[in-house]
Amino acid sequence: MEFSVQSEFDRLLTKPGVFGALILSATGAIVISSFDSNETVERAAAVYELISASEKTKQLSKSTPDSIKFIRIKTELYELLVCPNNDYIFATFTSLNKS
């Protein structure tokens, strides 16, 4: 089964509570976004900064080589899920509002 970035993006948007998603290249370039242009730029920069900070933190562990598989940030209202791989960074923004 061949991996399709567009099909994965479409799948992410169907998850319960997801109100937006974006996919960045491994270098932080915007590939696909469900947000308007201003929101896309802001959210993409925040996600890429998060990945960069995580990479720096990971380097503090000087033992065996390691890679970041998943990052989750949860507040009272929202949840950000970030899944980086070698080629892309997938991020979903979910509302936790039960109303």
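**Exercise 1. Find out why strand β1 (residues 18–25) is described as largely enclosed by the rest of the structure.**

*Solution.* Start by counting: seven of the eight residues in β1 are buried, so the strand is largely enclosed by the rest of the structure. Keep in mind as you work that this is a predicted model.

Next, look at the neighbours of β1. On one hand there is strand β5 (residues 88–95), which pairs with β1 in the antiparallel sense over seven bridges. On the other hand there is strand β2 (residues 30–33), whose antiparallel pairing with β1 runs over three bridges.

Now pick a residue that shows both pairings. Leu24 has Ile89 as its bridge partner in β5, and Ile30 as its bridge partner in β2.

Finally, follow the chain from β1 to β2. The two strands form a hairpin with four residues between them. In that turn, Gly28 has a positive phi of about 100 degrees.

**Exercise 2. Work out which strands pair with β5, and how many of its residues are buried.**

*Solution.* The pairing with β1, antiparallel over seven bridges, came up in the previous exercise. A second partner is strand β4, which also pairs with β5 in the antiparallel sense, over seven bridges.

Thr92 is a good place to see this. In β5, Thr92 is the bridge partner of Ala21, and Thr92 is also the bridge partner of Leu81.

Then trace the connection: β4 and β5 make a hairpin, with three residues between them. As for burial, six of the eight residues of β5 are buried, so this strand too is largely enclosed by the rest of the structure.

**Exercise 3. Describe the aromatic pairs that involve Phe19 and Tyr78 or Phe93.**

*Solution.* Begin with the total, which is five aromatic pairs. One of them joins Phe19 and Tyr78: the ring centres are 5.6 Å apart and the planes are at 65 degrees, an edge-to-face arrangement. Phe19 belongs to β1 and Tyr78 to strand β4 (residues 78–84), so this pair ties together parts that are 59 residues apart in sequence.

Check how open these two residues are. Phe19 is partly exposed, with 37% relative accessible area, and Tyr78 is partly exposed at 44%.

Move on to the second pair. The ring centres of Phe19 and Phe93 lie 6.5 Å apart with their planes at 50 degrees, so the pair is tilted. This pair links distant parts of the chain, since Phe19 sits in β1 and Phe93 in β5, 74 residues apart. Phe93 is buried, with a relative accessible area of 9%.

To complete the picture, put the rings together: Phe19, Phe35, Tyr78 and Phe93 form one aromatic cluster.

**Exercise 4. Locate the three salt bridges and say where their residues lie.**

*Solution.* Here is the idea to start from: side chains of opposite charge can pair when their charged atoms come close.

Step one takes you to helix α1 (residues 5–13). Glu8 and Arg11 form a salt bridge, with the closest N and O atoms 2.6 Å apart. The two residues are three apart in α1, which separates them by about one helical turn. Arg11 is partly exposed, at 37% relative accessibility.

Step two takes you to helix α2, where Arg43 and Glu39 lie four residues apart, about one turn of the helix. Their side chains meet in a salt bridge at 3.2 Å, N to O. Glu39 is partly exposed, with a relative accessible area of 30%.

Step three is the salt bridge between Glu79 and Arg72, at 2.4 Å, N to O. Glu79 is buried, with a relative accessible area of 11%.

**Exercise 5. Characterise the largest pocket by its volume and its lining.**

*Solution.* First, the volume: about 260 Å³. Second, the lining, which includes Ala26, Tyr48, Glu55, Lys69, Pro84 and Ile89.

Third, sort the lining residues by kind. They divide into six nonpolar, four polar and two charged.

Last, ask which element contributes the largest share of the lining. The answer is helix α2 (residues 37–59), with four residues. Ile89, met earlier as the β5 bridge partner of Leu24, is one of the residues lining this pocket.

Conventions
Residues are numbered from 1 along each chain as its sequence is written. This is a predicted model: local features need pLDDT of at least 70, side-chain atom pairs count only at pLDDT 80 or more; totals for chains, interfaces and linings use all residues. Side-chain values use heavy atoms; hydrogens and water are left out. Buried means under 20% relative accessible area, exposed over 50%, partly exposed in between (1.4 Å probe, protein chains only). Two strands pair if DSSP finds at least two bridges between them. On a 1 Å grid over the protein atoms alone, a cavity is a set of points where a 1.4 Å probe fits but cannot get out, and a pocket is an open set with protein on both sides within 12 Å along at least five of seven lines; lining residues have an atom within 4 Å of a point. Grid points are joined across faces, edges and corners, and a volume is the space filled by probe spheres set on the points. Ala, Val, Leu, Ile, Met, Phe, Trp, Tyr, Cys and Pro count as nonpolar, Asp, Glu, Lys and Arg as charged, and the others, Gly among them, as polar. A salt bridge is a side-chain nitrogen of Lys or Arg within 4 Å of a carboxyl oxygen of Asp or Glu. Rings of Phe, Tyr and Trp (its six-membered ring) pair if their centres lie within 6.5 Å; planes under 30 degrees apart count as stacked, over 60 as edge-to-face and the rest as tilted.
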